[in-house]
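Student: Please take one part of this structure and give me a close, connected look at it, starting from the ligand. I would rather follow one careful account than a list.

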Amino acid sequence: MSTNQAEQGVFITLEGVDGSGKSTKGRMLGEELTAKGREVVLLRDPGSTAISERIREILLDPEVENMSSECELMLFEAARAQLTRELIIPALERGAVVVCDRYCDSTFAYQAVGRGLDEELVRTANAIGSCGLTPDRTIVFDLEIDESFERATRHGTDRMELSGESFQARVREGFLRIAAEEPQRVRVVNSHGEKIEVYARMREELKDLIPELSEELA
Ligand code: TYD
């Protein structure tokens, strides 16, 4: 089932390895579009609802040990299903631009390519967690792992980051594979350079969906 047909809004997801700089660019987009009069809903997955934030705490707590990959997969999907039903679908129905920091592509990159869970199983789980919703556009912020990992772990290390650099390298390959497989939906943005340069690159990839971005950046 796809609920996209019934929607007026635009659903954008931001993806990339830990420390790739996606959250800052999401906030910048939110500021620009809000100033131009669009309703923007900034969300993070896992998180953003009371239930999903509690699940997020379990998922990221470095003191939680021995979590099986299957348990991890289903907790991510549970958090996402709540986020999708409670916030994403209603916002899209109101005509908002929804900008979500991570979504199903993270599950494919981290749990299938990173952890090694069966890809078809992960796709099926994603169909449940997303309630059948697909982003209109996904931006993958791409950066070499030595740089992104240093940025991500500068202020502490969460449970996912404890999996180390070779895990992050597989995750990066996972995102690049998704982008190669779905070039219309998924766009890779080089995350090197100044924030404003990276932001301008991202904006280019969204212009066709959001008319407010057609003016040049001031
Ligand atoms: P988050 O703080 O959102 O990431 P970042 O460090 O980029 O700011 O943390 C979420 C972590 O969970 C991150 O390591 C990616 C991971 N994750 C998965 O493994 N699977 C998923 O489906 C999602 C949404 C995230």
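**The ligand, helix H5 and strand E4**

Tutor: An oxygen atom of the ligand lies 2.6 Å from an N or O atom in the side chain of Asp 18. The model is predicted, so local features are given only at pLDDT of at least 70 and side-chain atom pairs only at pLDDT 80 or more, while totals for chains, interfaces and linings use all residues. Residues are numbered from 1 along each chain as its sequence is written, and side-chain values use heavy atoms, with hydrogens and water left out.

The pair at Asp 18 is a polar contact, a term that stands for a pair of N or O atoms within 3.5 Å; within protein, one must be able to donate a hydrogen and the other to accept it, and residues adjacent in sequence count only if both atoms are side-chain atoms. For Lys 22, the distance from a side-chain N or O atom to an oxygen atom of the ligand is 3.0 Å, and for a polar side-chain atom of Arg 80 it is 3.1 Å. In total, 15 residues surround the ligand, and the closest are Asp 18, Arg 56, Arg 102, Thr 107 and Gln 111; a residue counts here if one of its heavy atoms lies within 4 Å of the molecule.

We can turn next to helix H5, residues 119–129. Helices (H or I, at least four residues) and strands (E, at least two) are DSSP runs, numbered from the N terminus. Val 122, Ala 125, Asn 126 and Gly 129 of H5 are buried. They line one face of the helix because, seen down its axis, they fall within an arc of 105°, an arc taken over the directions from the helix axis to the C-beta atoms. Buried means under 20% relative accessible area, exposed over 50%, and partly exposed in between (1.4 Å probe, protein chains only). The face turned away from that side carries the exposed residues Glu 120 and Ile 128. The buried residues of H5 pack against helix H3 (69–94) and helix H4 (104–114), where contact means heavy atoms within 4.5 Å.

At the N-terminal end of H5, Asp 118 acts as a cap, with a side-chain oxygen 3.2 Å from the backbone nitrogen of Glu 120. After the helix comes Cys 131, whose phi is positive, near 55°. Cys 131 is buried, at 10% relative accessible area, but its sulfur is 9.3 Å from the closest cysteine sulfur, that of Cys 104, which is too far for a bond. The whole structure has zero disulfides, a disulfide being a pair of cysteine sulfur atoms within 2.5 Å.

Strand E4 (residues 137–142) is mostly covered, with six of its six residues buried. Arg 137, Ile 139 and Phe 141 point one way from the strand, and Thr 138, Val 140 and Asp 142 point the other way. E4 pairs in the parallel sense with strand E1 (residues 10–16) over five bridges, and Arg 137 is the bridge partner of Ile 12. Five bridges also join E4 to strand E5 (residues 186–190), again parallel, and there Phe 141 stands opposite Val 189. Two strands pair if DSSP finds at least two bridges between them.

Asp 142 also leads to Arg 172, which, leaving aside its neighbours within four places in sequence, is in contact with Val 17, Asp 142, Leu 143, Glu 144 and Ile 145. Arg 172 is found in helix H7 (residues 165–181) and is buried, at 16% relative accessible area.
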